[in-house]
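Reader: I'd like a close look at one salt-bridged side chain and what surrounds that part of the model. Keep it brisk, and spell out the cut-offs.

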Amino acid sequence: MAVPRIHFSESLKALNQEILKMGTLVEEAIGKSISCLIDQDIELAKKIVDDDEAINQKEIDIEDRCTILIATEQPVASDLRHIITALKIVTQLERMGDHAVHIAKAAIRLSEEVYMKPLIDIPKMSEIVIKMIHDVLTAFINSDADLAIETAKMDASLDKLHHDVMTEIWGYLKADSRYVKQSTSFLFISRFLERLGDHVTNISEWIVYSNTGRHVELNRIGYYSEESDAEGNDSHS
Amino acid sequence: MDYKLQVQDLNVFYGAMHALKSISLNIESKRVTALIGPSGCGKSTFLRALNRMNDIIEGVVTTGTILYDGKNVYNGYDEIELRRRVGMVFQKPNPFPMTVYDNVAYGPRIHGVKRRREIDEIVERSLRAAALWDEIKDRLNKPALGISGGQQQRLCIARVLAVEPDVVLMDEPTSALDPISTARIEDLIYEMKNRYTIVIVTHNMQQAGRISDHTAFFLDGVVEETGSTQQIFFKPTNPRTEAYISGKFG
Ligand SMILES: Nc1ncnc2c1ncn2[C@@H]1O[C@H](COP(=O)(O)OP(=O)(O)O)[C@@H](O)[C@H]1O
Ligand SMILES: [Mg+2]
């Protein structure tokens, strides 16, 4: 079947590309924020803070693009759901960029400190987050609800690592009060990484909505055991 | 649910041409049902089947049943009475070459209303119901062909309403009208649905979305999908419906 509305489908492709670009900026910002934390690199940290402006601007540009598409193309059904999803995704990505900034600022505060221990779990968490962002963007571009659901499942390992970091830091706090400043910073950083996983999960939920028209909760406890009921009949339609 | 019309296994042939293929579709009372689909898929044929207007066309064969208030219109139903109750508005406004007043009075007179006072009342009531009275009350004795296209279409609606139908069929009633006249007709349809069952054919997807409660998608003489208009425009189940309403074919 020949597909008319070439201009509209080109515009949708361009919209996807913009979201991919924004997502890549966020992914890089998070990766760099953890690098500068590890390397205690103030210059890189400051650059992350400055570069966040570009992410904020991308959000506005993409929102405007979506508004114009709705106004001029009157999308319906899956096209409409895709555009609504795009709007929701950029809100999440923008907040994720802010978390990279928070981590970078913590790195600046910690740049003169001798760390109480080598960083192990925090880099692990950032690797998971980056993989999740990468996969969720792929799921969005390919309209792949299954991949979105799989991606959201990775959030559980972030929650576990965050829990481990907290337990460990509480141990340090009890043992030695000199590390209060570091400990609270690392707690926050771990918490930011854990929140990043929640944002990716939200994006996954919107991708499922885009594909199926249904609102799902992917981070609710017990969801995975109900999975066969919850998605069974619609996610492939 | 309260169905005004129940169509069961309807087939219509123009000679050897099988235009409607085993259509089953229920039309809910006092709701607007939109029929959508590419040209030539059988929407007008379906509309004309509902009040047996196809019977007038040479060589048409119709099979199946259409229950109107539970009675089969293809089984001994009085056609004239059926067409009074199930009125029709066409794509191009087609007022008779007579005055505005006489256009509206035409139907009631044919159906035996004689007293001038009564006819006056019917004319005013129908023109009001068609949202035309205020614009036209000083021009009732002017030729109907002299008023604007949008006014002519509302006059045609008034003409249908004058004989007190309870179903109004509309075949692309706004496709010859400008946006303002179209909006007036849409407002009118919205008001009319308190009292009438409306079936409308439209090629304007946004219009179907705006004014209808139910939508049926026709393709090649078959109903591909039917459902609430919200469902059809949000998440159709049939990929062909999706492609059509998204403007990707047709
Ligand atoms: N009077 C007629 N004689 C022969 N074929 C007709 C006649 N009216 C319609 N058709 C054919 O029947 C099919 C359905 O037509 P129609 O109901 O007018 O479709 P639509 O209203 O969806 O455009 C078309 O293929 C059309 O050519
Ligand atoms: Mg037609």
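What is the relative accessibility of A:Asp121, and does A:Asp121 count as buried or exposed?

Author: A:Asp121 counts as buried, because its relative accessibility is 16%. Buried means under 20% relative accessible area, exposed means over 50%, and partly exposed lies in between, with a 1.4 Å probe and protein chains only.

First, the ground rules. This is a predicted model, in which local features need pLDDT of at least 70 and side-chain atom pairs count only at pLDDT 80 or more, while totals for chains, interfaces and linings use all residues. Residues are numbered from 1 along each chain as its sequence is written, chains are lettered from A and ligands numbered from 1 in the order in which they are written, and side-chain values use heavy atoms, with hydrogens and water left out.

Now the partner. A:Asp121 forms a salt bridge with A:Lys124. Their closest N and O atoms are 3.7 Å apart. The rule asks for a side-chain nitrogen of Lys or Arg within 4 Å of a carboxyl oxygen of Asp or Glu. Both residues sit in helix α4 (residues 121–141) of chain A. They are 3 residues apart there, so about one helical turn separates them. A:Lys124 is partly exposed, because its relative accessibility is 41%. The bridge thus joins a buried acid to a partly exposed base.

Step back to the chain around that helix. Chain A holds 8 helices and 0 strands. Read from the N terminus, its elements run α-α-α-α-α-α-α-α. Helices (H or I, at least four residues) and strands (E, at least two) are DSSP runs, numbered from the N terminus. Along the principal axes, the C-alpha atoms of chain A fill a box of roughly 70 × 40 × 20 Å. Of its 237 residues, 49% are buried. Its accessible surface is about 11,300 Å², with 55% on carbon and sulfur atoms. These areas come from the Shrake-Rupley method with a 1.4 Å probe; for residues, only the protein chains shown count as cover.

Contacts matter here too. Contact means heavy atoms within 4.5 Å. Take the chain A contacts between residues at least 6 apart in sequence: 82% of them join residues at least 24 apart. A:Ser185 gives a local example. It lies in helix α7 (residues 180–212) of chain A. It is buried, because its relative accessibility is 7%. Beyond its neighbours within four places in sequence, A:Ser185 touches A:Arg109 and A:Leu110. A:Leu161 is 24 residues from A:Ser185 in sequence, and their C-alpha atoms are 16 Å apart.

Charge next. Chain A carries 25 positive and 41 negative side chains. The centres of the two sets lie 2 Å apart. Lys and Arg count as positive, Asp and Glu as negative; His and the chain ends are not counted. Each charge is placed at NZ of Lys, CZ of Arg, CG of Asp or CD of Glu.

Over all chains, the count is 32 salt bridges. The interface of chain B and chain A holds 1 of them. There, A:Asp79 meets B:Lys248, N to O at 2.6 Å. The contact takes 17 residues from chain A and 11 from chain B. Together the two chains bury about 1,200 Å², 57% of it on carbon and sulfur atoms. On the chain B side, B:Phe234, B:Lys235 and B:Lys248 lose the most area to chain A, together 49% of what that side buries. Buried area is the accessible area (1.4 Å probe) that two parts lose on being put together, summed over both.

Two bridges within chain B make useful contrasts. B:Asp69 pairs with B:Lys4, closest N and O atoms 3.0 Å apart. B:Asp69 lies in the loop between β4 (60–68) and β5 (71–72), and B:Lys4 in strand β1 (residues 3–14), so the pair ties together parts of chain B that are 65 residues apart in sequence. B:Asp69 is partly exposed at 43% relative accessible area. B:Lys4 is buried at 10%.

The second pair is B:Glu79 and B:Arg52, at 3.4 Å between the closest N and O atoms. It links distant parts of the chain: B:Glu79 in helix α2 (residues 79–85), B:Arg52 in the loop between α1 (43–50) and β4, 27 residues apart. B:Glu79 is partly exposed at 30% relative accessibility. B:Arg52 is buried at 11% relative accessible area. Both belong to a salt-bridge network with B:Asp55 and B:Arg83.
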